[in-house]
Amino acid sequence: MLHAMLTILLWTAGIVLALLLLLLILPVWLHISLKYDQWELRLQVAGFSVRLYPAREKKPKKAKQAKQKVKKKQAPAAPKPKKGLPEWVTPSTVIKLVQLAGGLMRRVLRVLKVRGVRLVLPVNGQDAAETALCYGRTNAAVYSGLALLQNAVNLSVESVEIVPDFGADHKFRRSFYCKVGSCPIIMISVGVWAIYTLFKSGVLGRRQGGKKNERQSPAGTNGCSAAAHS
């Protein structure tokens, strides 16, 4: 009986670990879409998708409304005094943090994949001449930006359509779509690298060391005063 229970537990633990490993390996996609002026964000994992934005409206409860009324009736709390910057924030620390942020951003962009980029952008001006100028400038800006992004991110573009809208008849055609994804295990490795780099650069160690020095400083002053009295 005990052997059977241990076998079942081992099989259950193995299945759970296999599912966790599968979730870490499977890519996670964030779908970003725009239709005229309505944005939508949707998260997809292994065929299952969840809408993140716009969120579903929840019906307000009476209890929450009553609590909000009570809070409004209460007097506002006195403002807390502002604290200065901690001692460990120095120019060298800020420079290290900026360098770390740049390296982290480069690593994140390397592991991200942007797929299925589709853009329809109508461009119009006050008259035909201004519309033509805006059309040329928008083409230059969009294609230059895509070229820069392709150098930094694994980018795949399906279609880009810049429409000269002379009569303001195509403004409702404005749309955008792309999906951004990566494997969770790769993103976790990037986060571990960032934490390791923080410790290696001494930013976190300096902060903890400053607190230790503050704790040890009273003992040192007492020793000096005792030596002076002796």
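This is a walk through the aromatic contacts, a surface patch, the cysteines and some backbone features of the structure above. Please keep in mind as you look that the model is predicted.

Let us start with the aromatic rings. A pair of such rings is described by the distance of the centres and the angle of the planes. The structure holds 1 aromatic pair. Its partners are Y36 and F172, whose ring centres lie 4.8 Å apart with the planes at 50°, so the pair is tilted. Tilted is the label for angles that are neither under 30 degrees nor over 60. The contact links distant parts of the chain, 136 residues apart: Y36 belongs to the loop between β1 (28-35) and β2 (38-45), while F172 belongs to the loop between β5 (154-164) and β6 (175-182). As for solvent, Y36 has 25% relative accessibility and therefore counts as partly exposed, whereas F172, at 58%, counts as exposed.

Two other rings have a charge for company. Over the ring of W193 you will find the charged end of R107, 4.1 Å from the ring centre. In a similar way, the charged end of K179 sits over the ring of W29, at 4.7 Å from its centre.

Now turn to the surface. W39, L43, V50, L52 and Y53 make a nonpolar patch of about 480 Å². Both β2 and β3 (48-53) give two or more residues to this patch, and the largest share, 3 residues, comes from β3. Y53 is a good residue to follow from here. This tyrosine is found in strand β3 and is partly exposed, with a relative accessible area of 45%.

Y53 also leads us to the backbone. Most residues other than glycine have a negative phi, and most peptide bonds are trans. The peptide bond from Y53 to P54, however, is cis, with omega near 0°. P54 itself is placed in the loop between β3 and α2 (62-73).

Where do the positive phi values of A46 and A168 occur? A46, with a phi of about 55°, is found in the loop between β2 and β3, and at 43% relative accessibility this alanine counts as partly exposed. A168 has a phi near 55° and is found in the loop between β5 and β6, the loop that also holds F172 of the aromatic pair. With a relative accessible area of 39%, A168 is partly exposed.

Finally, a look at the cysteines. The structure holds 0 disulfides. C134 is partly exposed at 21% relative accessibility, while C178, at 6%, falls under the 20% limit and therefore counts as buried.

Methods
Residues numbered from 1 in each chain as written. Predicted model: local features only at pLDDT ≥ 70, side-chain atom pairs only at ≥ 80, totals over all residues. Heavy atoms only, no water. Phe/Tyr/Trp six-rings, centres within 6.5 Å; stacked < 30°, edge-to-face > 60°. Helix = DSSP H or I, 4+ residues; strand = E, 2+ residues; numbered from the N terminus. Buried < 20%, exposed > 50% of the residue type's maximum accessible area, 1.4 Å probe, protein only. Lys NZ or Arg CZ within 6 Å of the ring centre and 35° of its normal. Patch = residues over 30% accessible without salt bridge, like charges linked within 9 Å, V, L, I, M, F, W, Y side chains within 5 Å. Areas by Shrake-Rupley, 256 points an atom, 1.4 Å probe, with all protein chains shown as cover. Salt bridge = Lys/Arg side-chain N within 4 Å of Asp/Glu carboxyl O. Disulfide = S-S within 2.5 Å.
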